[in-house]
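I open this notebook to record what I looked up, entry by entry.

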Amino acid sequence: MYFHTTNKAEPMGRTLMLAWILVLCLWQVLPCVPKVEKVTNLHFFLHETTGGEDPTAVMVARPDITNNDNSSPVPFGSVVAIDDRLTVGPEYNSEVIGNAQGLGVSASKDTTTVVLYLDFGFTKGKLNGSSISIFSRNPVIEKERELSVVGGRGKFKMAKGFALLKTYFLNETNVIVEYNVTVIHY
């Protein structure tokens with residue numbers, strides 16, 4: 001006599017496997033919902049000191065050239081290390097909200113133009129621990145100029161945007177620059 005037994009778990013296992021394959025296929029085909037872009041507007045002041053007892057911008061490399069046609073204190077090819085204060089207002093004793101650290105390279109023979117890389121690290125409030133990065137050509141002799149925001153971290157992951165700069169105060173050893181920054185991020 002021949003007995004045939006059926007395994008009831010076998011069809012259930014096949015059905016479950018087919019369901020998982022279907023889910024995986026649909027996951028690959030269905031459109032991904034992109035993250036929504038956010039726009040944040042920032043307003044602050046950068047304070048830079050180039051002389052005195054506690055400078056925040058220091059020349060770390062100077063080119064070996066005999067002529068300096070534009071008589072610039074920072075001749076073409078100079079590299080400056082920067083660690084400037086960021087404040088809420090233009091006054092020296094205004095609340096410090098972070099700092100801008102980076103490098104500037106004097107990149108023009110006939111005018112004062114600096115190629116600037118700065119990381120603006122925020123240390124107060126809801127932006128504490130976040131930063132934006134600017135890498136752009138900065139024609140510092142122009143009173144108003146625009147620089148590119150090229151990245152960020154923390155709340156500014158995948159940042160892009162622009163910074164509008166306006167020289168607020170300038171003398172031989174100090175400069176205060178007003179920043180209005182539009183940051184697009186996720």
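**Entry 1: Met 158**

I began with Met 158, which lies in the loop between strand E7 (144–153) and E8. The model is a predicted one. I looked up the backbone of Met 158 and found phi near 60°, a positive value in a residue other than glycine. Most residues other than glycine have a negative phi. I then asked whether Met 158 is buried or exposed. Met 158 counts as exposed, because its relative accessibility is 63% and the exposed class begins over 50%.

**Entry 2: Overall layout**

I next looked up the secondary structure and noted 1 helix and 9 strands in the protein chain. Along the sequence I read the pattern α-β-β-β-β-β-β-β-β-β. The chain has 186 residues, and buried residues make up 34% of them. Of the contacts with a separation of 6 or more, I recorded that 46% are between residues 24 or more positions apart. For the surface, I noted that the protein chain exposes about 12,600 Å², with carbon and sulfur atoms supplying 61% of it.

**Entry 3: The salt bridge**

How many salt bridges does the structure hold? I found 1 salt bridge. The side chains of Lys 160 and Glu 37 form this pair, at 3.5 Å from N to O. The pair links distant parts of the chain, for Lys 160 is in strand E8 (residues 160–170) and Glu 37 is in the loop between helix H1 (9–29) and E1, 123 residues apart. I checked the cover of each partner in turn. Lys 160 counts as partly exposed because its relative accessibility is 42%. Glu 37 is also partly exposed, with a relative accessible area of 42%. In general, side chains of opposite charge can pair when their charged atoms come close.

**Entry 4: Surface patches**

I turned to charge on the surface and found a patch of positive charge where Lys 35, Lys 38, Lys 126, Lys 155 and Lys 157 gather. One of these, Lys 126, I located in the loop between strand E5 (113–122) and strand E6 (131–139). Lys 126 has 70% relative accessibility and therefore counts as exposed.

Which residues make the nonpolar surface patch of about 400 Å²? I listed Val 105, Val 115, Tyr 117, Phe 135 and Val 150. Val 115 is found in strand E5. I recorded Val 115 as partly exposed, because its relative accessible area is 31% and the partly exposed class lies between 20% and 50%.

**Entry 5: Two further loops**

I looked up Gly 52 and placed it in the loop between strand E1 (38–49) and strand E2 (57–61). With a relative accessibility of 68%, Gly 52 counts as exposed. I also checked the spacing of Gly 52 and Asn 174: the two are 122 residues apart in sequence and 9.6 Å apart in space, C-alpha to C-alpha.

My last look-up was Ser 94, in the loop between strand E3 (79–87) and strand E4 (96–106). Is Ser 94 buried or exposed? I entered Ser 94 as buried, because its relative accessibility of 14% falls under the 20% cut-off. Leaving aside neighbours within four places in sequence, I found Ser 94 in contact with Thr 87, Val 88 and Gly 89.

Key
Residues are numbered from 1 along each chain as its sequence is written. This is a predicted model: local features need pLDDT of at least 70, side-chain atom pairs count only at pLDDT 80 or more; totals for chains, interfaces and linings use all residues. Side-chain values use heavy atoms; hydrogens and water are left out. Patches are made of residues with over 30% relative accessible area and no salt bridge: like charges are joined within 9 Å, nonpolar side chains (Val, Leu, Ile, Met, Phe, Trp, Tyr) within 5 Å. Accessible areas come from the Shrake-Rupley method with a 1.4 Å probe; for residues, only the protein chains shown count as cover. A salt bridge is a side-chain nitrogen of Lys or Arg within 4 Å of a carboxyl oxygen of Asp or Glu. Lys and Arg count as positive and Asp and Glu as negative; His and the chain ends are not counted. The place of a charge is taken as NZ of Lys, CZ of Arg, CG of Asp or CD of Glu. Helices (H or I, at least four residues) and strands (E, at least two) are DSSP runs, numbered from the N terminus. Buried means under 20% relative accessible area, exposed over 50%, partly exposed in between (1.4 Å probe, protein chains only). Contact means heavy atoms within 4.5 Å.
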